[in-house]
Amino acid sequence: MSDDEHEHLRCPICLEICEDAVATTCCHQLFCVTCSENLSNCPTCRKSPFQATPNIAIRRLIGAMKTSCEWCGVEKICRADMKNHLEKYCPANKVKCKDCGLTEIAKSELPEHKRDSCLGRLVDCTQCQDKVKVLELLEHKAKSCPRRTVTCELCEMSVVCEVLLDHKYKKCSKRQVSCPVAGCDMELGIPFLSLHLEDIHGPVEEIFQKLSASTPPPPDPPARQAAPEFIDPIESKQNRNGNHARLGSTGKFYCGSRLGFSCGCCNGFCGPTNGCNCVACYELDLKTRRLPPGYYVNKLGAVCRKGTIVQSKVYCGRKVMQVTRRCDGWCGDDNGPECEECALLFLQIQTCYREFCSSEDWEEWAGMRDRGRNVNNCRHQ
């Protein structure tokens with residue numbers, strides 16, 4: 001039977017066959033359940049208050065009526081089965097792509113859409129080969145791709161992001177270092193150090209041999225004093241230099257004085273709220289946290305130690321890095337790439353924070369420094 005044969009089953013508000021029919025208690029007029037919501041009086045007889053109850057018999061009658069699908073044209077479908085037909089079988093029904101949120105896509109065209117034009121589909125980044133959504137590809141290439149090109153703030157040279165730290169601390173021509181020969185006050189860029197030694201002081205290998213022979217072995221770092229039974233980690237304290245130190249946003253202590261060394265990443269002062277702290281305040285960080293030898297604190301306040309597999313790096317174990325094929329997002333905790341803060345701390349432990357380096361770590365890293373020095377000597381022969 002067609003809809004025209006059932007005019008008495010139409011809703012007087014939407015003029016369609018009633019959906020989930022309800023009947024009024026006043027004049028027994030049929031309405032859709034959604035059309036009758038929020039009515040204060042009956043639209044047919046104007047009686048108030050409006051009251052309607054579900055009419056089960058009419059609902060069954062309407063559900064058994066045959067109709068055709070407005071999308072694909074298939075006929076003789078029971079109204080009660082129309083919802084199931086649209087969700088599962090109708091090829092022309094408009095659906096929403098769950099990957100990109102785009103609506104009004106025919107169900108039959110959805111596989112082609114997901115394969116060719118969906119903004120939520122995964123594609124390979126041409127720089128790092130990681131899988132990235134099309135919608136996020138431009139932001140990934142600009143901000144988080146480890147193979148993106150960035151500019152060194154010291155020499156303004158364009159380098160790959162994942163080797164920026166290595167460039168800044170080992171190769172940057174604008175990073176000044178002092179000549180290791182006693183009596184020579186020359187400061188020059190890292191790439192020119194070997195040339196300076198060769199031209200001014202003689203063969204590089206002989207210079208390092210003399211330095212190794214004349215330089216006494218470094219003293220063992222002082223043993224940390226045993227922590228008292230309780231140290232309030234929150235109250236302000238006085239560091240060993242007599243300066244008043246308070247906690248910053250990183251959970252580290254800062255006194256606001258000059259660092260006394262160049263870290264290459266801060267403004268040269270201890271805090272006052274974040275960044276690197278002076279040696280005296282760094283000692284407070286270790287004492288307050290009661291860290292045993294071999295454990296350190298990076299500039300973000302995270303506790304670090306050297307890896308058990310890769311011992312040439314220190315790790316904080318936090319998930320602070322971009323997930324790539326070479327990195328699972330965690331800094332360590334035993335091997336793999338380290339975060340930028342831990343890479344900087346590794347250099348600081350061997351220089352400005354030397355007195356807090358454990359004997360075991362110093363011997364391990366000293367052997368690595370000697371091997372690296374021998375490799376550099378061979379390159380200049």
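Helix 9 is mostly covered, with eight of its ten residues buried. The model is a predicted one. The buried set in helix 9 runs Glu341, Cys342, Ala343, Leu344, Leu345, Phe346, Gln348 and Ile349.

Take Leu345 from that list. Leaving aside residues up to four places away in sequence, Leu345 touches Tyr282, Tyr296, Val297, Asn298, Cys304, Val314 and Tyr353. Where does this lead?

It leads to the largest nonpolar core, which has 41 residues. Leu345 is among the residues with the most contacts inside this core, together with Tyr282, Val314 and Tyr353. Several elements give two or more residues to the core. The helices are helix 8 (279-289), helix 9 (340-349) and helix 10 (359-380). The strands are strand 16 (253-254), strand 17 (295-297) and strand 19 (314-315). Which element supplies the largest share? Helix 8 does, with six residues. In soluble globular proteins, nonpolar side chains tend to be buried together.

A second core stands separate from this one. This second core has 15 residues, including Ala21, Phe31, Phe50 and Met65.

Now step back to the whole chain. The protein chain holds ten helices and 19 strands. It has 381 residues, and 36% of them count as buried. Among contacts with a separation of 6 or more, 34% join residues 24 or more positions apart. The accessible surface of the chain is about 23100 Å². Carbon and sulfur atoms account for 51% of that surface.

Terms used: Residues are numbered from 1 along each chain as its sequence is written. This is a predicted model: local features need pLDDT of at least 70, side-chain atom pairs count only at pLDDT 80 or more; totals for chains, interfaces and linings use all residues. Side-chain values use heavy atoms; hydrogens and water are left out. A nonpolar core is a set of buried Ala, Val, Leu, Ile, Met, Phe, Trp, Tyr and Cys residues joined through side-chain atoms within 4.5 Å. Buried means under 20% relative accessible area, exposed over 50%, partly exposed in between (1.4 Å probe, protein chains only). Helices (H or I, at least four residues) and strands (E, at least two) are DSSP runs, numbered from the N terminus. Contact means heavy atoms within 4.5 Å. Accessible areas come from the Shrake-Rupley method with a 1.4 Å probe; for residues, only the protein chains shown count as cover.
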